[in-house]
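Student: Please choose a single part of this structure and take me through it closely. I should be grateful if each technical term were explained when it first appears.

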Amino acid sequence: MKSVILITDFFMTIIKAHIDHLEDLVLLFDGYRQFYKQPTNKDGARQFLIERFKNKDAVIYMAYIEDKAVGFTQLYPLLSSVSMQPMYLLNDLFIDSNYREQGIGEALIIKAKQLCIKENNKGLAIQTAFDNPAQHLYQRLDFVKDPDMHFFWTTT
């Protein structure tokens, strides 16, 4: 199912990505990784995304303006043991730098929230860098920083 949204002077389409969108998605995903100071690696990005489609372990929405892919979000399913409900982690959100500040990120997040409502999920969590400038967008869309939870990480 796709959504068509009028944003200022152009129409944007949001689609649920599938393998046919792989090459458009690879470019955005590689850009996303570079935003987080990773070296470009389109072959690695392609393989990673192929695995997501093959394993069906992520939901990816893409934003198009005309025929150009301009943004994406990737959601990973999680379970909450405390509430005994499913939820999603919005782990990736990226908008092509030429298209930022035009409502595309907001539209992608709203699409992700709609999925959570449709599936009767507990909610949607966002994981992001502490200095990500998009935090103001998350807060404007009613996301609240959780002061009680901390993430711990190890490379085993």
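Tutor: The answer below examines one helix and then follows its links to the rest of the chain. This is a predicted model, in which local features need pLDDT of at least 70 and side-chain atom pairs count only at pLDDT 80 or more, while totals for chains, interfaces and linings use all residues. Residues are numbered from 1 along each chain as its sequence is written, and side-chain values use heavy atoms, without hydrogens and water.

The part chosen is helix α2, residues 42–55. (Helices are DSSP runs of H or I with at least four residues, strands are runs of E with at least two, and both are numbered from the N terminus.) The 14 residues of α2 reach 20 Å from the first C-alpha to the last, close to the 20 Å expected at 1.5 Å a residue (the expected span is 1.5 Å times one less than the number of residues). Just after the helix comes Lys56, which takes a positive phi of about 55°.

Consider next which residues of α2 are covered. Ala45, Leu49, Arg52 and Phe53 are its buried residues (buried means under 20% relative accessible area, exposed over 50%, and partly exposed in between, with a 1.4 Å probe and protein chains only). Seen down the axis of α2, these buried residues fall within an arc of 95°, so they line one face of the helix (the arc is that of the directions from the helix axis to the C-beta atoms). Asp43 and Lys54, on the other side of α2, are exposed. The partners of the buried residues of α2 are α1, β3 and β4 (68–80), against which they pack.

Ile50 also lies in helix α2. With a relative accessible area of 27%, Ile50 is partly exposed. Leaving aside neighbours within four places in sequence, Ile50 is in contact with Ile19 and Leu22 (contact means heavy atoms within 4.5 Å). Ile50 and Ile19 are 31 residues apart in sequence, yet 7.2 Å apart in space, C-alpha to C-alpha.

The charged side chains of α2 form further links. Arg46 meets Glu23 in a salt bridge of 2.9 Å, N to O (a salt bridge is a side-chain nitrogen of Lys or Arg within 4 Å of a carboxyl oxygen of Asp or Glu). This pair links distant parts of the chain, for Glu23 is in helix α1 (residues 22–35) and Arg46 in helix α2, 23 residues apart. Both residues are partly exposed: Glu23 has a relative accessible area of 42%, and Arg46 one of 23%. Arg52 forms a salt bridge with Asp57, the closest N and O atoms being 2.8 Å apart. In that pair, Arg52 is buried at 12%, whereas Asp57, at 28%, counts as partly exposed.

In total, the structure holds six salt bridges. One of them lies outside α2 and joins Arg140 to Glu106 at 3.1 Å, N to O. Arg140 belongs to helix α4 (residues 135–140) and Glu106 to helix α3 (residues 104–118), so the pair ties together parts that are 34 residues apart in sequence. Arg140 is partly exposed, at 49%, and Glu106 is partly exposed as well, at 25%. Returning to α2, salt bridges that share partners join Glu23, Asp43 and Arg46 into one network.

Finally, we may place the helix beside the nonpolar cores (each a set of buried Ala, Val, Leu, Ile, Met, Phe, Trp, Tyr and Cys residues joined through side-chain atoms within 4.5 Å). The largest core has 27 residues, of which Met12, Leu75, Ile104, Leu108, Ile109 and Leu124 touch the most other members. Two or more residues of this core come from each of β2, β3, β4, β5 (85–95), α3 and α4. The largest share, seven residues, is given by α3. A second, separate core of 17 residues includes Phe53, together with Leu25, Val26 and Tyr64. Phe53 is also one of the buried residues of α2.

For comparison, α3 has 15 residues and reaches 21 Å from its first C-alpha to its last, close to the 21 Å expected. Its buried residues include Ile104, Leu108 and Ile109. After α3 comes Asn120, whose phi is positive, near 60°. Leu124 is in contact with Ile109, Ala112, Lys113 and Cys116, among others, when neighbours within four places in sequence are left aside.
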